[in-house]
Amino acid sequence: MTTTEVQGSTGGLGPGRVLRPRAKVLPEHARSHNRSLVLQTLYRSGERSRADLARDTGLTRVTVSDLVAELLAEGLVIELGQRESARPGKPAVLLDINRSAHQIVGVDLSDHDRFRGAVMDLDGAIIASAEVMLAGGSDNGSDGGLPATGEAALAKVDELVDRLVASSTAPILGVGVGSPGVVDLAGTILTAPNLGWSDLALQRHLAARTGLAVVVANDANAAALAEHTYGGAAGDMMLIRVGHGIGAGLLVAGALVYGSHFAAGEIGQVMVGTDLGLETTYNRDQVLEHWLSVPQLQRGLRAAAEAGMDATPILREAGQRLGIALAPVVGALNLSEIVLSGPTELLDGPLAEATVHTLRNRTMAENHADLSLRMTTQGQDIVLRGAAVLVLSGRLGVS
């Protein structure tokens with residue numbers, strides 16, 4: 001696959017595209033699908049022989065040998081040597097993804113005060129990192145000023161990507177970017193109000209600037225991919241990302257859900273509760289972000305501390321509002337897992353407990369008895385690691 005072939009597209013990340021292929025398809029799609037099937041098996045399992053791959057994938061040995069030869073020639077797969085065996089005959093040669101042959105640049109644009117980035121290996125481990133502050137001109141933000149928006153914010157992205165590309169020590173497989181806002185499948189940011197962006201073709205811009213394959217997606221979708229690939233998420237899952245705003249990534253039947261206008265998961269702007277009556281129309285003071293965003297929670301906790309009051313009711317009410325917003329989604333999709341991503345000190349504990357309690361009270365218990373709610377295992381690097389998965393999925397068809 002050449003760089004030209006993937007620039008300006010999301011590769012294999014379209015709606016309904018299953019992230020981990022496990023079966024053969026029609027002949028007209030077979031070559032690329034079977035190639036991804038072999039790479040996926042090696043990526044997840046590692047150290048497989050050609051015969052193992054044939055058994056695991058259901059492909060014929062001839063097809064596997066042909067694909068392996070192609071992948072060896074491209075440097076994507078390596079031979080590790082012969083398997084130790086007490087059986088008579090020539091031992092099988094073990095194969096694996098060539099995990100050191102390429103690196104990935106990941107960028108997280110979701111923080112309210114800085115853009116973060118990293119150079120990672122194919123397993124999502126961070127090799128080098130960098131960040132640029134949105135306010136001021138220095139990395140520590142000492143120059144002060146208002147956060148950059150519009151063209152100034154785009155210049156910060158360019159600066160960060162340039163630094164990361166320069167710090168790589170192996171050929172770059174691609175650049176993955178997780179951005180707040182509504183992002184279409186071509187990597188155009190349709191709207192990101194906090195950054196002052198509208199109809200910004202960021203994927204095309206970065207591909208032209210770097211000459212590399214680039215994939216841009218919503219930050220919550222990227223985070224959901226990271227939890228799916230590196231966090232052991234199983235079954236249908238919704239990841240709630242709590243920061244300056246609220247967003248969610250949805251994985252249903254093994255595929256990301258985008259929505260008709262690419263705005264699936266934008267739950268932060270959903271009105272929760274009926275505080276102003278049933279006939280009330282959309283009101284920004286009644287949306288989920290009003291109770292749950294990090295700045296709003298921090299303000300509430302500071303006010304409680306200054307007044308010498310217990311802050312637990314503030315966290316519990318935020319959890320209740322989240323449960324109100326999630327109950328119809330859980331009921332409609334019969335989800336098995338809710339994952340929270342954000343400051344652990346705010347989300348874990350009373351807030352999470354109130355969310356679970358509200359969910360169980362507002363859905364039919366027998367249909368959701370096994371529903372779990374937990375914190376992400378990926379910490380603050382979840383969007384960066386999700387950006388790596390964007391590249392892996394778009395370039396190699398693996399996750």
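Here is a short chat about the largest pocket and the salt bridges of this predicted model.

Q: What volume does the largest pocket have?
A: About 1300 Å³. Keep in mind that the model is predicted.

Q: Which residues are closest to its centre?
A: Ser 110, Asp 111, Gly 243, His 244 and Gly 245. They are among the 47 residues that line the largest pocket.

Q: Which elements give two or more residues to that lining?
A: Four strands and two helices: strand 5 (114-120), strand 9 (189-192), strand 12 (237-242) and strand 13 (246-252), plus helix 7 (219-230) and helix 9 (294-306).

Q: And where does the largest share come from?
A: Helix 9, with three residues.

Q: How does the lining split by class?
A: There are 20 polar, 17 nonpolar and 10 charged residues.

Q: OK, salt bridges. How many does the structure hold?
A: The structure holds 22.

Q: What does Arg 116 pair with?
A: Asp 381. Their side chains meet in a salt bridge, 2.7 Å from N to O.

Q: Where do the two sit in the chain?
A: Arg 116 is in strand 5, while Asp 381 is in the loop between strand 16 (372-375) and helix 13 (382-396). The pair therefore ties together parts that are 265 residues apart in sequence.

Q: Is Arg 116 buried or exposed?
A: Buried. Arg 116 has a relative accessible area of 11%, and the cut-off for buried is under 20%.

Q: What about Arg 114, what is its partner?
A: Asp 113. The closest N and O atoms of that salt bridge are 3.0 Å apart.

Q: How accessible are Arg 114 and Asp 113?
A: Arg 114 is partly exposed, at 24% relative accessible area. Asp 113 also counts as partly exposed, at 26%.

Q: Switching to helix 10. Where do Glu 317 and Arg 321 lie in it?
A: They lie four residues apart, about one turn of the helix, which spans residues 312-333. Glu 317 and Arg 321 form a salt bridge, with the closest N and O atoms 3.2 Å apart.

Q: Buried or exposed, those two?
A: Arg 321 is buried, with a relative accessible area of 9%. Glu 317 counts as partly exposed, at 32%.

Q: Why would such side chains pair at all?
A: Because side chains of opposite charge can pair when their charged atoms come close.

Q: Last one. Which residues are linked in a network of salt bridges?
A: Arg 31 and Arg 35 on one side of the charge balance, with Asp 66, Glu 70 and Glu 74 on the other.

Conventions. Residues are numbered from 1 along each chain as its sequence is written. This is a predicted model: local features need pLDDT of at least 70, side-chain atom pairs count only at pLDDT 80 or more; totals for chains, interfaces and linings use all residues. Side-chain values use heavy atoms; hydrogens and water are left out. On a 1 Å grid over the protein atoms alone, a cavity is a set of points where a 1.4 Å probe fits but cannot get out, and a pocket is an open set with protein on both sides within 12 Å along at least five of seven lines; lining residues have an atom within 4 Å of a point. Grid points are joined across faces, edges and corners, and a volume is the space filled by probe spheres set on the points. Ala, Val, Leu, Ile, Met, Phe, Trp, Tyr, Cys and Pro count as nonpolar, Asp, Glu, Lys and Arg as charged, and the others, Gly among them, as polar. A salt bridge is a side-chain nitrogen of Lys or Arg within 4 Å of a carboxyl oxygen of Asp or Glu. Buried means under 20% relative accessible area, exposed over 50%, partly exposed in between (1.4 Å probe, protein chains only).
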